[in-house]
Amino acid sequence: MELRSVEELMDLLHACRGARRTPHRGGKPVDVHEHALQTAALLRRSHPADKELQVAGLVHDIGLLLRPDDDSGHTDRAADAVRPLLGERVSRLVRLHSVAGRYRAMTPQEAAAFARDPLADDALTLRQADEAAHVRGLDAGVLEDWRTVLELVAARHARLGAVD
């Protein structure tokens with residue numbers, strides 16, 4: 001599935017409400033919708049100028065809805081789905097945040113290769129927010145608060161895509 005409009009993406013993000021997922025390091029299952037909002041809110045606080053990083057936090061788990069019975073490929077599905085709408089950087093951050101989760105367990109050669117990626121630091125930041133965003137009842141706002149940011153990122157990608 002490729003997302004072609006902010007409205008399609010908003011519908012998919014709304015569909016996350018009620019879907020449950022167990023956090024990466026175990027614990028009680030969390031609502032995927034709340035988790036997405038919390039991840040994006042944490043990134044907004046720590047990196048207020050980086051809208052693409054914030055949006056990557058918002059959309060990083062939508063692959064869970066695209067094929068609910070297959071958790072293993074959800075990162076790649078999410079990255080592929082958002083690329084046409086939100087651009088290469090958001091897509092790569094979503095894809096790399098999974099790799100970043102294995103960073104501490106990588107061999108020195110793997111870690112060095114990952115560190116050479118220009119988005120490695122941002123992917124690690126996204127992963128840290130992802131891991132921290134499992135707080136039940138934390139008020140991270142509502143999805144509608146993100147519509148304008150999604151529209152800005154999508155419009156920027158559309159302008160850049162038209163230039164290429």
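Ala 56 lies in helix 3, and in this predicted model its relative accessibility is 0%, so the residue counts as buried. Setting aside neighbours within four places in sequence, Ala 56 makes contact with Val 90, Leu 93, Val 94 and Leu 126. Another pair to look at is Ala 56 and Thr 39: they stand 17 residues apart in sequence, and their C-alpha atoms are 9.0 Å apart in space.

How many of the nine residues of helix 3 are buried? Eight of them are, so helix 3 (residues 51-59) is largely enclosed by the rest of the structure. If you want to pick them out on screen, the buried ones are Glu 52, Leu 53, Gln 54, Val 55, Ala 56, Gly 57, Leu 58 and Val 59. Helix 3 also has the highest mean pLDDT among the elements of the protein, at 98.

**Helix 1 and its partners**

Helix 1 covers residues 6-15 and holds Met 10; Leu 13 has its place in helix 1 too. Met 10 counts as buried because its relative accessibility is 1%. Leu 13, at 2% relative accessibility, likewise counts as buried.

Which residues does Met 10 touch, not counting those up to four places away in sequence? They are Leu 143, Glu 144, Arg 147 and Leu 150. With Leu 143, the separation along the chain is 133 residues, while the C-alpha atoms are separated by 7.8 Å.

Leu 13 touches Leu 143 and Leu 150 as well, and its list also includes His 33, Leu 58 and Ile 62, again not counting residues up to four places away. Leu 58 will be familiar as one of the buried residues of helix 3. The C-alpha atoms of Leu 13 and Glu 144 are separated by 10 Å, with their positions 131 residues apart along the chain.

**Helices 2 and 5, and strand 2**

Gln 38 lies in helix 2, which spans residues 32-46. Is Gln 38 buried or exposed? With a relative accessible area of 3%, under the 20% cut-off, Gln 38 is buried. Beyond its neighbours within four places in sequence, Gln 38 is in contact with Ala 133, His 134, Val 135, Leu 138 and Ala 140.

Thr 75 belongs to helix 5 (residues 74-86), and its relative accessible area of 7% makes it buried. Its contacts, leaving aside neighbours within four places in sequence, are Val 94, Arg 95, His 97 and Ser 98. Val 94 is also one of the contacts of Ala 56.

Asp 31 is found in strand 2 (residues 30-31). Asp 31 is buried, with a relative accessible area of 7%. Outside its neighbours within four places in sequence, Asp 31 is in contact with Cys 16, Arg 17, Gly 18, Ala 19 and Arg 20. Arg 20 falls within strand 1 (residues 20-21). By contrast with those contacts, Asp 31 and Leu 86 are 24 Å apart in space, C-alpha to C-alpha, and 55 residues apart in sequence.

Here are the C-alpha separations side by side:

| Pair | Apart along the chain | C-alpha to C-alpha |
|---|---|---|
| Met 10 and Leu 143 | 133 residues | 7.8 Å |
| Leu 13 and Glu 144 | 131 residues | 10 Å |
| Ala 56 and Thr 39 | 17 residues | 9.0 Å |
| Asp 31 and Leu 86 | 55 residues | 24 Å |

**The whole protein**

Stepping back, the protein has nine helices and two strands. Their order from the N terminus is α-β-β-α-α-α-α-α-α-α-α. For 164 residues, a compact globule would have a radius of gyration near 15 Å, and the protein agrees with its 15 Å. Along the principal axes, the C-alpha atoms fill a box of roughly 40 × 40 × 30 Å.

Buried residues make up 46% of the 164 residues. Of the contacts with a separation of 6 or more, 65% are between residues 24 or more positions apart. The accessible surface is about 8400 Å², and carbon and sulfur atoms account for 53% of it. The protein carries 23 positive and 26 negative charges, and the mean positions of the two sets are 3 Å apart.

**Confidence**

The average pLDDT of the protein is 89, and 91% of the residues score at least 70. Where is the lowest mean pLDDT among the elements? It belongs to strand 1, at 68. Where pLDDT is low, the predicted coordinates should not be read in detail.

Definitions and conventions: Residues numbered from 1 in each chain as written. Predicted model: local features only at pLDDT ≥ 70, side-chain atom pairs only at ≥ 80, totals over all residues. Heavy atoms only, no water. Helix = DSSP H or I, 4+ residues; strand = E, 2+ residues; numbered from the N terminus. Rg over C-alpha atoms; globule rule 2.2 N^0.38 Å. Buried < 20%, exposed > 50% of the residue type's maximum accessible area, 1.4 Å probe, protein only. Contact = heavy atoms within 4.5 Å. Areas by Shrake-Rupley, 256 points an atom, 1.4 Å probe, with all protein chains shown as cover. Lys, Arg positive; Asp, Glu negative; His and termini not counted. Charge placed at Lys NZ, Arg CZ, Asp CG, Glu CD. pLDDT = per-residue confidence, 0-100.
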